[in-house]
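Hello,

Here is the structure I promised to pass on to you. Have a look at it first, and then read my notes below.

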Amino acid sequence: FAKEFGGHQYQLYSSQFGKQANRRLQLEQRLRKAMEEKNLEVVYQPKLDLFTNSISGMEALIRWNDPILGEVSPAEFIPIAEETGIIISIGKWVLETACKQNREWDRNGYPKIHVCVNISSKQFLQDDFVKMIKHVLNEADLSPEYLNLEITERIALYDIDDAIGKLQQLKQLGVSISLDDFGTGYSSLSYLKLLPIDFLKIDRSFISGIFENKQDVAIIDSIISLTHSLGMRVVAEGVEDEQQLNILSEMRCDEIQGFYYAKPMTAKDINIFLDKKGEFHLVDRG
Ligand code: C2E
Ligand code: MG
Ligand code: MG
Ligand code: MG
């Protein structure tokens with residue numbers, strides 16, 4: 001009986017494993033096709049400056065709507081793109097698209113703001129990363145101060161001196177840097193001291209717990225003070241309601257991003273949003 005039972009379990013395990021491996025393989029194949037067939041799109045999510053009450057920038061986020069698989073979340077396909085190396089070409093494409101789009105908004109007379117582009121550590125670790133950034137900026141005719149790169153601490157795990165060197169070159173160029181997803185994964189305070197960073201983005205998981213969890217409030221409060229004393233700005237991500245915004249504003253958080261202010265939108269919808277000046281009525285809402 002034991003043997004039979006064991007065998008049965010193995011079958012169950014192997015079929016689940018098979019399903020996962022299958023999905024993974026299919027995603028990889030479809031993703032390569034999506035690049036050729038242009039089924040990828042970049043959407044933009046505005047950030048709100050709490051001191052000026054105006055839009056301070058937007059984050060470029062990739063979207064994939066596959067004719068067979070339907071909408072696939074970046075949370076599912078970005079890791080696969082990283083493992084297979086496809087992220088190098090996808091990442092460059094997002095960067096080119098976002099830079100060209102930002103230059104176009106500027107040409108159309110919209111306020112000059114930066115576009116934030118998520119950079120995978122695999123991309124950052126390429127020897128020619130800084131050269132690639134310069135090239136893309138040149139091609140798009142975009143001034144470097146209108147580009148912000150969102151990195152995570154993972155870029156520093158492999159060779160911290162190399163990471164610092166690249167970040168310094170980028171900053172000399174005029175490109176600004178955000179440290180994304182702060183508070184998750186490898187977050188270490190020593191990185192804050194070592195890496196030349198302009199913005200720190202507090203992860204959504206801390207913001208969602210802001211009312212149920214006194215510890216989260218204490219953590220956010222100290223992250224904000226620490227970040228300010230190091231001369232950086234703080235962005236809170238995933239702000240979904242007015243209460244969260246108010247408490248962050250009291251804690252002197254510099255910028256917020258989240259569904260409450262604006263959801264990620266197509267470039268076309270951003271035009272409409274910018275026509276309304278991206279203003280947010282903190283007082284006379286509702
Ligand atoms: P991220 O960079 O931390 O981006 C924030 C994610 O939170 C986005 O998910 C955004 O749509 C979502 N979000 C924003 N505001 C709210 C809110 O108020 N509530 C909730 N529930 N969610 C909110 P998305 O677009 O699915 O992207 C997930 C992750 O995939 C990103 O996290 C980023 O790590 C990665 N990613 C997306 N686009 C790219 C890309 O072009 N390149 C690379 N390397 N990674 C990307
Ligand atoms: Mg990001
Ligand atoms: Mg983030
Ligand atoms: Mg995140």
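A residue is called buried when its relative accessible area is under 20%. Please keep in mind that this is a predicted model.

Let's begin with the cysteines. By that cut-off, cysteine 116 is buried, because its relative accessible area is 0%. Cysteine 253 is buried too, with a relative accessibility of 1%.

How many disulfides are there in the whole structure? The search finds 0. A disulfide is a covalent bond between the sulfur atoms of two cysteines, and the sulfurs have to lie within 2.5 Å to be counted as a pair. Why does cysteine 116 have no such bond? The closest cysteine sulfur belongs to cysteine 99 and is 11 Å away, so the gap is too far for a bond. Cysteine 253 is in no disulfide either: the nearest cysteine sulfur, in cysteine 116, is 14 Å from its own.

Now for the metals. Which protein residues are donors to the magnesium ion (ligand 2)? They are Glu59 (OE), Asn118 (OD1), Glu150 (OE) and Asp180 (OD), at 2.0 to 2.3 Å from the ion. Along the sequence, these donor residues follow the spacing E-x58-N-x31-E-x29-D. Aspartate 180 also forms a bridge between this ion and the magnesium ion (ligand 3), and the two ions are 3.5 Å apart.

Glutamate 59 belongs to strand 2 (residues 54-66), while aspartate 180 belongs to strand 6 (residues 176-182), so this pair ties together parts that are 121 residues apart in sequence. Glutamate 59 and aspartate 180 are both buried.

Enjoy exploring!

Key
Residues are numbered from 1 along each chain as its sequence is written. Chains are lettered from A and ligands numbered from 1 in the order in which they are written. This is a predicted model: local features need pLDDT of at least 70, side-chain atom pairs count only at pLDDT 80 or more; totals for chains, interfaces and linings use all residues. Side-chain values use heavy atoms; hydrogens and water are left out. Buried means under 20% relative accessible area, exposed over 50%, partly exposed in between (1.4 Å probe, protein chains only). Donors are N, O and S atoms within 2.8 Å of the metal (3.2 Å for Na, K and Ca); water is not among the atoms, so sites may look incomplete. Helices (H or I, at least four residues) and strands (E, at least two) are DSSP runs, numbered from the N terminus.
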